[in-house]
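Thanks for coming. I will put the structure up and then talk through how it is held together, strand by strand and contact by contact.

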Amino acid sequence: MKLIESFIIAITSLFANKMRSALTMLGIIIGVGAVITLMSVGRGAQTSILSTFEQLGTNLLTVVPTSADVGGLIGISPAFTTPSLTLEDAKALERIPGVFAVAPTNENFVEVTAGNESKASAIHGTTPEYIKAVNRTIASGQFISARNVAGRDLVVVLGPELAEALFGTRDPIGQNVKIKGHRFTVLGTFEATGSALFGISLDNIAIVPITTFQTRLFTQRTPSGEDSVQQISIKAASAADIEPIREEAKAIIRKRHRLTADEKNDFSIISQEQMIEVINQVTGVFSIFLGAIAGVSLIVGGIGIMNIMLVS
């Protein structure tokens, strides 16, 4: 009976002090909402990044320059590495048994303009093997060819988001766009993926021949004076071939770079599983950090309620 009487008294007190009750509830609602929202943001970011890597496939290896003096992720950051990979390195890797495709790639960011429209976009310089290596599909037109790479042609393939921003509903094939003062002809467009990687939409992208990228857009050379490559993607015919290909690729590049037995690699070969593991660790810490921030709001709301109860 006392429990029922206490419940009735509590309800009567809540309705008698509507403003105080609403403000007290608001503190808890905001705290709980903040925890749920920020944890959801962290999990959503993790899911989005992982789904993008899954689209690329688990049988993909990425070769990147690395600094022998700096370890961890910092050692493969462009700010801490000396360019060491070349197109000839990529060609040598094509001869490894079990390799399905090898795509050297350079990346940067540019403003792409068509008429009065312009849009900031990621730009990749690569070879015809790119679409096989990263599982992209051409929606209309065609992809760059070996002849375009050999001729350093001013041609470009656009992602659907970029094509729509520049041309709207018009057909972009055969139209011209301007990139860093050069006039490029649109060869084709990609099918939409709806994916993003580290906040960069894979549909907002421009692809040009890697030789055009190196000589006309962003020039960067290795210490020996050759045009450098930022990364080389190696697509294996199957996941079972990953480890043999990794070991063979390591031996080939070490030999090409004339590294002695006691010298460390000036490159790293990273598998999709390693990338996913690192991303899980980073996003896990990120989610905990966001949850801790949101938890402060919940604690503040709880202290507010305790204060009101003591006053009452």
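Strand β1, residues 60-65, pairs with β13 in the antiparallel sense over four bridges. Strands pair here if DSSP finds at least two bridges between them. Within that pairing, the bridge partner of Leu61 is Ile234 in β13. Strand β3, residues 99-114, also runs antiparallel to β13, joined to it by six bridges. There, Ala103 has Ser233 of β13 as its bridge partner.

Before I go on, this is a predicted model: local features need pLDDT of at least 70, side-chain atom pairs count only at pLDDT 80 or more, and totals for chains, interfaces and linings use all residues. Residues are numbered from 1 along each chain as its sequence is written, and side-chain values use heavy atoms, with hydrogens and water left out.

Is β13 mostly covered or mostly uncovered? Strand β13 spans residues 231-236, and five of its six residues are buried, so to speak mostly covered. Buried means under 20% relative accessible area, exposed means over 50%, and partly exposed is in between, with a 1.4 Å probe and protein chains only. Helices (H or I, at least four residues) and strands (E, at least two) are DSSP runs, numbered from the N terminus.

Now the residues around β13. Thr62 lies in strand β1 and counts as buried at 15% relative accessibility. Leaving out residues up to four places away in sequence, Thr62 touches Gln231, Ile232, Ser268, Ile269 and Ile270. Contact means heavy atoms within 4.5 Å.

On the β3 side, take Val102. Val102 counts as buried, at 2% relative accessibility. Its C-alpha is 4.6 Å from that of Ile234, although Val102 and Ile234 are 132 residues apart in sequence. The contacts of Val102, again not counting residues up to four places away in sequence, include Ala90, Leu93, Glu94, Ile232 and Ile234.

Which residues touch the most other members of the largest nonpolar core? They are Val63, Leu93, Ile232 and Ile234, in a core of 23 residues. The elements giving two or more residues to this core are β1, α3 (87-93), β3, β13, α8 (242-256) and β14 (267-271). Helix α8 gives the most, with five residues. By nonpolar core I mean a set of buried Ala, Val, Leu, Ile, Met, Phe, Trp, Tyr and Cys residues joined through side-chain atoms within 4.5 Å. In soluble globular proteins, nonpolar side chains tend to be buried together.

Ile234 touches residues including Leu61, Val63, Leu93, Val102, Ile245 and Ala249, with residues up to four places away in sequence not counted. A second, separate core has 18 residues, among them Val112, Ala163, Val208 and Leu217.

Next, the charged pairs. A salt bridge here is a side-chain nitrogen of Lys or Arg within 4 Å of a carboxyl oxygen of Asp or Glu. By this rule the count is seven salt bridges. One of them joins Asp89 to Arg256, with the closest N and O atoms 2.5 Å apart. Asp89 lies in helix α3 and Arg256 in helix α8, so this pair ties together parts that are 167 residues apart in sequence. Asp89 counts as buried at 2% relative accessibility, while Arg256 is partly exposed, with a relative accessible area of 35%.

Glu161 and Lys119 also meet in a salt bridge, at 3.8 Å, N to O. Glu161 is in helix α6, residues 160-167, and Lys119 is in strand β4, residues 117-126, with their positions 42 residues apart along the chain. Both ends count as partly exposed: Glu161 at 33% relative accessibility, and Lys119 at 22%.

A further salt bridge runs from Asp203 to Arg136, the closest N and O atoms being 3.8 Å apart. Asp203 sits in the loop between β10 (200-201) and β11 (205-209), and Arg136 in the loop between α4 (130-133) and β5 (138-141), so the pair ties together parts 67 residues apart in sequence. Asp203 and Arg136 are buried.

One loop residue to note is Arg152, between α5 (146-151) and β6 (155-158). Arg152 is partly exposed, with a relative accessible area of 41%. Neighbours within four places in sequence aside, Arg152 is in contact with Thr211, Thr212, Thr215 and Arg216.

Last, the whole chain. The protein chain has nine helices and 14 strands, and of its 312 residues, 38% count as buried. About 17,000 Å² is exposed, and carbon and sulfur atoms supply 61% of that. Accessible areas come from the Shrake-Rupley method with a 1.4 Å probe; for residues, only the protein chains shown count as cover.
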